[in-house]
Structure formats: C-alpha cells, structure tokens
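Visitor: I should like to take a close look at a single part of this protein. Please treat the answer as one connected account.

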Amino acid sequence: MKLRVCSLEERDDGSLENLTPPQVPAVENKDKSAVKLFVSIEGLEATGKTTLVRLLAAACAERGIAYCLKPEFPNGAALGRITDALHHSLFVSDAFSDGAIPALFYMLYAEAISLSKLDYSADVVLADRYIESQAVYQGYFACVDSSFDVVTFLDQLETLYKTLSLPLADLTVVLHAPLAVIRQRLEASMRRSLTTREMGTLGTFDEYYRQIAGRSDRYVCLSSTLGTGSLVSAVYEILADRLAARS
C-alpha cells in the first residue's frame with residue numbers, strides 16, 4: 001500500500017515540522033471499550049513521536065477514519081509543574097520539586113486527566129507516549145535501587161491500569177534513532193550541550209525501550225531515520241490492518 005502524505009515539511013536540522021491535521025469528528029463517548037484501536041507512539045526525545053502522531057492523524061482523516069489524539073501532557077493546570085520541571089532538566093522526575101516518587105504519581109495523575117478527555121467513540125486513539133514512558137522515565141528515577149527491572153515495573157503499571165479500567169494500547173510503535181542523532185537534534189532544539197549524565201540516562205532509557213519491545217507482538221520497532229513517507233506508510237499499514245481485523 002502506498003500512502004500519500006500531504007503538506008509534509010522538513011526543517012533545516014532534518015527533523016520534521018509538526019503538522020496539525022484536520023479532525024474527523026466523532027460523537028462524544030466516554031465508554032473506553034468503544035474505541036476500535038488504541039495506538040501509542042513511544043521512544044526517546046527527538047525520535048519524531050509527536051510528528052508521527054500528527055501525520056498518522058492526517059492519514060486517518062484523509063481516509064475518513066475518526067480519530068482522537070492523546071497528547072504527551074494534558075493542557076490546563078496540571079501542565080504547569082511539568083513545564084517547570086522541564087525548564088530545569090531534560091527529565092521531569094529529575095527536577096520535580098517534590099522528588100521523583102511524587103513525580104511518578106503526578107505524571108500518572110496527568111495521564112488520567114488526558115484519558116478522561118478522550119472521545120472513545122473514535123475508530124482510533126493516537127497516543128503521544130503512554131504507559132511505557134511512565135515505566136521508563138518515572139520508574140527509573142523513582143526506583144533508585146540498581147536492580148530496577150523496567151519490564152516488571154511496566155507489568156505492575158499495567159495491572160494498575162486494568163484494575164482501574166483504564167485502556168491499554170492495542171498497538172505500540174517504538175521509534176529508535178542512534179544516540180548521536182538524538183544528541184544532535186536535542187542540542188539544536190535546546191540550544192545547549194547535553195551533559196554526560198543526560199546522555200548516559202538516554203542510553204539507559206534506549207535499552208529499556210528495547211527490553212519492553214520484546215514483551216509481546218503488540219510492539220513494533222522502527223527507525224526514525226527512515227524516510228518520512230516510508231515511516232508513516234509502514235505504521236499506517238499496520239494500523240489499518242489491525243483496525244480491519246477488529247471491524
């Protein structure tokens with residue numbers, strides 16, 4: 001299947017310009033079981049997650065597929081403390097004013113707010129990061145024990161989500177890029193050099209994502225250095241196939 005992606009732009013630094021696709025309206029529905037497919041896009045910073053989510057949304061809109069977007073962070077009052085932490089560090093939990101464990105629960109609270117605002121009558125929910133990022137980022141800083149097992153921690157979070165009747169992803173796309181590429185992109189966007197500690201932490205998180213991706217066949221790993229059209233086409237094909245199987 002060939003996918004035509006309209007109005008695609010690239011920045012001078014090689015990253016993709018974020019696009020805002022037209023929304024296909026859906027009747028508001030808060031029944032979480034109504035959505036046909038919940039898709040999450042995961043990976044490190046600067047791998048193109050947000051851009052991919054928006055391009056997938058554009059592809060869905062082009063084909064009349066109703067979708068709903070879950071942002072990485074919720075709008076509103078909850079965003080303030082997250083933004084404040086990110087002004088001081090690359091990682092929220094590393095600079096959260098009350099410490100890493102409160103940051104974990106605050107980020108779960110913020111995620112719950114985002115989930116409460118979704119329209120589950122849509123055919124597809126497209127999530128810019130989800131539970132895997134909570135396990136990787138917040139779990140790492142909250143669990144200071146060197147024996148931290150990200151897969152076990154994710155299993156525990158999923159059990160919590162199921163207990164609370166929160167949705168889990170049906171398809172999770174994990175984007176990877178060489179750490180040198182990520183460093184170049186981040187330093188260009190942040191206009192500062194990353195520290196040795198930050199790069200070491202990103203390397204650890206990259207390994208965590210690789211471990212997580214081996215858990216089940218719901219995970220698909222792709223390189224964000226693929227051509228944009230090829231990347232969007234590959235993900236949309238998987239999305240469309242899984243959506244058709246559920247219809």
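Which residues have the most contacts inside the largest nonpolar core, and how many residues does that core have?

Guide: The model is predicted, and what follows rests on values computed from it. The largest nonpolar core has 44 residues, and those with the most contacts inside it are Phe38, Leu115, Val136, Tyr161, Leu202 and Phe205. At least two residues of this core come from each of α4 (100-116), β3, α5, α6, α7 (179-190) and α8 (196-213). The element that gives the most to this core is α8, with seven residues. As background, nonpolar side chains in soluble globular proteins tend to be buried together.

A second core of 27 residues is separate from this one and includes Val39, Leu56, Val220 and Val235.

The setting of the core can be described briefly. The protein has nine helices and five strands, and from the N terminus on their order is β-α-β-α-α-α-β-α-α-β-α-α-β-α. Of its 247 residues, 50% are buried. Among contacts between residues at least 6 apart in sequence, 80% join residues at least 24 apart. The exposed area is about 11,500 Å², with carbon and sulfur atoms supplying 52% of it.

Val136 is a useful entry point to the largest core. Apart from neighbours within four places in sequence, Val136 is in contact with Val150, Phe205, Tyr208, Tyr209 and Ile212. Two of these partners, Phe205 and Tyr208, also belong to one aromatic cluster, together with Phe91, Tyr137, Tyr140, Phe141, Phe148 and Phe153.

Tyr161 leads to a further aromatic arrangement. The protein contains 15 aromatic pairs. In one of them, Tyr130 and Tyr161 meet edge-to-face, with 5.8 Å from centre to centre and 85° between the planes. This pair links distant parts of the chain: Tyr130 is in the loop between β3 (124-128) and α5 (131-142), whereas Tyr161 is in helix α6 (residues 150-163), 31 residues apart. Tyr130 and Tyr161 are both buried.

The strand β3, which contributes to the core, is mostly covered, with five of its five residues buried. In a regular strand the side chains alternate between the two faces of the sheet. In β3, Val124, Leu126 and Asp128 point one way and Val125 and Ala127 the other way, and all of them are buried.

Two strands pair with β3. Strand β1 (residues 37-43) runs parallel to β3 and is joined to it by five bridges; here Phe38 stands opposite Val125. Strand β2 (residues 67-70) is also paired with β3 in the parallel sense, over four bridges, and Val125 is the bridge partner of Cys68. Val125 in β3 therefore has a partner in the pairing with β1 and another in the pairing with β2, while seven of the seven residues of β1 are buried, so β1 is largely enclosed by the rest of the structure.

The two faces of β1 are both covered, and the residues on each are buried: Leu37, Val39, Ile41 and Gly43 lie on one side, and Phe38, Ser40 and Glu42 on the other. Phe38 is among the residues with the most contacts inside the largest core, whereas Val39 is included in the second, separate core. β1 also pairs in the parallel sense with strand β4 (residues 171-176), over five bridges, and in β4 the bridge partner of Glu42 is Val174.

Away from the strands, a comparison of two helical residues is instructive. Cys60 lies in helix α1 (residues 49-62) and counts as buried because its relative accessibility is 0%. Apart from neighbours within four places in sequence, Cys60 is in contact with Ile65, Tyr67, Tyr236 and Leu239. Its C-alpha is 9.1 Å from that of Ala240, although the two residues are 180 apart in sequence. Tyr236 also has Arg63 over its face, at 4.8 Å from the ring centre. By contrast, Ala244 in helix α9 (residues 228-246) counts as exposed because its relative accessibility is 52%. Ala244 and Lys36 are 208 residues apart in sequence, with 9.4 Å between their C-alpha atoms.

How values were computed:
Residues are numbered from 1 along each chain as its sequence is written. This is a predicted model: local features need pLDDT of at least 70, side-chain atom pairs count only at pLDDT 80 or more; totals for chains, interfaces and linings use all residues. Side-chain values use heavy atoms; hydrogens and water are left out. Buried means under 20% relative accessible area, exposed over 50%, partly exposed in between (1.4 Å probe, protein chains only). Contact means heavy atoms within 4.5 Å. Accessible areas come from the Shrake-Rupley method with a 1.4 Å probe; for residues, only the protein chains shown count as cover. Rings of Phe, Tyr and Trp (its six-membered ring) pair if their centres lie within 6.5 Å; planes under 30 degrees apart count as stacked, over 60 as edge-to-face and the rest as tilted. A charge sits over a ring if NZ of Lys or CZ of Arg is within 6 Å of the ring centre and within 35 degrees of the ring normal. Two strands pair if DSSP finds at least two bridges between them. A nonpolar core is a set of buried Ala, Val, Leu, Ile, Met, Phe, Trp, Tyr and Cys residues joined through side-chain atoms within 4.5 Å.
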